Amino acid sequence: MKLHEHQAKDILSHYHVPIPRGEVARDSREVYAIAQKFGKPVAIKAQVLVGGRGKAGGVKLADNPDHAESRAREILGMDIKGLMVRKVLVEEALSIAQEFYMGITNDRTARRSVMMLSAMGGMDIEEVAHSTPEKIAKLHLDPNRPLADFQIRSLIYGANVPPRNWRDFVAIARSLHIIFTALDASLVEINPLVITGEGSVIAGDAKIVVDDNALYRQSGVSGFQEKADEDPLEQRAREKGLHYVRLSGNIGIIGNGAGLVMTTLDQVSQEGGAPANFLDVGGGAKSDVVKAALEIVSSDPHVEGIFVNIFGGITRCDDVANGIIQALSHLKLECPLVFRLSGTNEAEGKKILGEANLIPAASMQEGARRIVDLVKERTEPESIAAAPAYDVPAELY
Ligand code: GDP
Ligand code: MN
């Protein structure tokens, strides 16, 4: 479960991490009142559960209450990565001298959690990790030992923190570690961790993700969950009993069984495509479930093509096919749909879908290749699609 910035900051503050003075507002008049009360320039920040709000225009500065009100009007109601902004955090603006990244997450490869610190704060940390990994200092945490100050100091030294801020950084790192553990978090992150013009250290942004499996014992945070925060498609899918996760690509995926769906995602990626979602209809899915699945995937405006990959065991291929047909009876599918059916009642299923002019594939590999090609044809600019194909001699490969 992801927490909003203002919720995460309340938690940080509870654990003695300095945060800017701030209040949440749901309309622009309230923003005016808060800015007037603060009597200082403010930052107005969209409270939506996605990263990169700054780049998307969801973080704006204002010098006075009027300015703050008009900025708030721009931000409230805005769509950021599919989520509507319903509230903003109004904070005293910071004078930023330097931006760091500090966070704790799980390192699956190392089978440990890891604390990371970098002077490349403020920007996309995934990008830093990809292009200049040496700019991130790391400290793997031993769950059976307390975190010692010397370990934190070596991390701080590795990230070139100015010596006069060492003491503050050690204290904040300690708090982060306590929060990560106490909240059963999978991520606690401050980006940017700001050194101000006056030399103090303060959390400019905060992100906390609590492990959903621990929510039963995290009553303090489970109350933070708001229906409006959830991705609308994920919400609809959950209500239909489907396991759906939105991803960033444009190829809709429907399969049965988490393992098969994961493999399908990998296969589509390997063929050069980008999956738009994970959707597992589960074992023994009947036609109504498949119908709901296709309705959800096809209502995602990013989807340019759909791949249905079913291995029939308890699930019967003809049930799946009937579900697809039922969905198509009232949906106007604007993009290609490739299906691969294999297993129980395969022949019946293929017959039903074949009559509906959908595109059959004999294997998962073929289906993945097919849908990736079809989507490329639809989405690539004419000039590229129309370029002559060259015959490359085999020996050049
Ligand atoms: P994110 O884009 O969703 O990570 O949102 P952030 O809260 O991290 O804001 C993005 C960037 O806006 C930060 O890295 C800062 O450079 C800038 N920013 C955010 N808050 C303030 C502020 O109060 N004052 C100033 N000057 N810049 C800010
Ligand atoms: Mn940030």
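Ala, Val, Leu, Ile, Met, Phe, Trp, Tyr, Cys and Pro count here as nonpolar, Asp, Glu, Lys and Arg as charged, and the others, Gly among them, as polar. The model is predicted, with local features needing pLDDT of at least 70 and side-chain atom pairs pLDDT 80 or more, while totals for chains, interfaces and linings use all residues. Residues are numbered from 1 along each chain as its sequence is written, chains are lettered from A and ligands numbered from 1 in the order in which they are written, and side-chain values use heavy atoms, leaving out hydrogens and water.

A good place to begin is ligand 1, which is surrounded by 15 residues (a residue is near if one of its heavy atoms lies within 4 Å). The closest are Lys45, Arg53, Gly54, Glu99 and Asp205. By class, the shell holds seven nonpolar, four polar and four charged residues. Domain 1 (21-92) and domain 2 (96-222) both contribute to this shell, so ligand 1 lies between them; the domain bounds come from an automatic or database assignment.

Oxygen atoms of ligand 1 have partners at 2.7 Å in a polar side-chain atom of arginine 53, at 2.8 Å in a backbone N or O atom of glycine 54, and at 3.2 Å in a backbone N or O atom of asparagine 191. Taken alone, ligand 1 exposes 560 Å², and the protein buries 80% of that (accessible areas by the Shrake-Rupley method with a 1.4 Å probe; for residues, only the protein chains shown count as cover).

Terms used: Polar contact = N/O pair within 3.5 Å; in protein donor to acceptor, adjacent residues only side chain to side chain.
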